[in-house]
Amino acid sequence: MSWILRVKEKFQAAHFLKNYKGKCERVHGHTFCVEVHVKVDKLNKTGIGIDFIEIKNTLNKILPDHELLNEIYDFNPSAENLARHFFQELKKIYPVKKVIVWESEEACAEYFED
Ligand SMILES: [Zn+2]
């Protein structure tokens with residue numbers, strides 16, 4: 001018996017891509033949406049695995065806000081690398097299965113490890 005809890009949170013930030021030819025090599029911004037999938041195998045007596053609000057609060061502590069991502073991270077801040085970074089941070093706290101980073105309504109990168 002298991003459940004996947006999914007929580008989404010948005011943040012706004014700027015970035016540019018190194019080693020890239022095209023308009024994304026220039027500084028530009030996104031409203032990123034991060035979706036985290038956490039697996040739980042049991043529920044408390046209320047019927048809750050992990051409180052959505054708790055996951056949301058944790059996510060908000062990890063996510064940047066109005067930053068230039070290239071200045072705060074030592075990796076090229078593509079959606080793929082951001083998804084892996086958030087996964088690694090969240091994995092310290094929850095049994096995370098997947099992290100998805102949406103750069104727009106149409107494009108996202110999913111990171112998972114099994
Ligand atoms: Zn971009």
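**Entry 1: helices and strands**

I counted the secondary structure elements and found three helices and five strands in the chain. I note at the outset that this is a predicted model, and I read every value below as computed from it. Following the sequence from its start, I wrote down the pattern β-β-α-β-α-α-β-β. The C-alpha atoms, taken along the principal axes, fill a box of roughly 50 × 25 × 25 Å. I also looked up how contacts are spread along the sequence: among those between residues at least 6 apart, 63% join residues at least 24 apart. Buried residues make up 18% of the 114 residues in the chain.

**Entry 2: the sheet**

Next I asked in what order the five strands stand in the sheet. The sheet is open, its order is β3-β1-β2-β4-β5, and the pairing is mixed. At the edges I found β3, which covers residues 67–68, and β5, each of which pairs on one side only.

I then went through the pairs of strands. β1 and β2 are antiparallel and are joined over 13 bridges, and within this pair I looked up Q12, whose bridge partner in β2 is T31. β2 and β4 also run antiparallel, with six bridges joining them. Here I noted three facing pairs: E35 has I100 of β4 as its bridge partner, H37 stands opposite K98, and V38 stands opposite V96.

β4 (residues 96–102) pairs in the antiparallel sense with β5 (residues 108–111) over four bridges. These two strands form a hairpin, with five residues between them. In β5, the bridge partner of W102 is C108, while that of V99 is Y111.

I wanted to know how far β4 is enclosed by the rest of the structure. Five of its seven residues are buried, so I recorded β4 as largely enclosed.

**Entry 3: helices on the sheet**

I looked at how α1 and α3 are placed relative to the strands. α1 lies across β1 and β2, and its direction is at about 25° to β1. α3 packs on the sheet, where it touches β2, β4 and β5, and its direction makes about 145° with that of β4.

α3 has 13 residues and reaches 18 Å from its first C-alpha to its last, which is close to the 18 Å expected at 1.5 Å a residue. Which residues of α3 are buried? I listed A79, L82, A83, F86, F87 and L90. They cover an arc of only 135° around the axis, and therefore they sit on the same side of α3. When I checked what these buried residues pack against, I found β2, α1, β4 and β5.

**Entry 4: the nonpolar core**

I turned to the largest nonpolar core, which has 17 residues, and looked for the members that touch the most others; these are V34, V36, A83, F86, V99 and V101. At least two residues of this core come from each of β2, α1 (52–62), α3 (79–91) and β4. α3 gives the most, with six residues.

I followed V36 further, leaving out residues up to four places away in sequence, and found that V36 touches V7, I55, L59, L90, V96 and V99.

**Entry 5: V38**

I kept V38 for a closer look; this residue lies in strand β2, which covers residues 28–40. Is V38 buried or exposed? I found 22 C-beta neighbours inside 10 Å, and because the cut-off for a buried residue is 20 or more, V38 counts as buried.

Leaving aside neighbours within four places in sequence, I listed the contacts of V38 as L5, I50, I55, Y94, P95, V96 and K97. V96 therefore appears in my notes on V38 twice, as a contact and as the β4 residue that V38 stands opposite. I also looked up V7, which is 31 residues away from V38 along the chain, and the C-alpha atoms of the two are separated by 8.5 Å.

Definitions and conventions
Residues are numbered from 1 along each chain as its sequence is written. This is a predicted model: local features need pLDDT of at least 70, side-chain atom pairs count only at pLDDT 80 or more; totals for chains, interfaces and linings use all residues. A residue is buried if 20 or more other C-beta atoms lie within 10 Å of its own, exposed if 12 or fewer, and partly exposed in between; C-beta atoms are placed from the backbone. Two residues are in contact if their C-beta atoms, placed from the backbone, lie within 7 Å. Two strands pair if DSSP finds at least two bridges between them. A nonpolar core is a set of buried Ala, Val, Leu, Ile, Met, Phe, Trp, Tyr and Cys residues joined through C-beta atoms within 7 Å. The expected span of a helix is 1.5 Å times one less than its number of residues. The arc is that of the directions from the helix axis to the C-beta atoms. Axes are lines fitted to C-alpha atoms, for helices over the stretch in contact, and angles run from 0 to 180 degrees between N-to-C directions.
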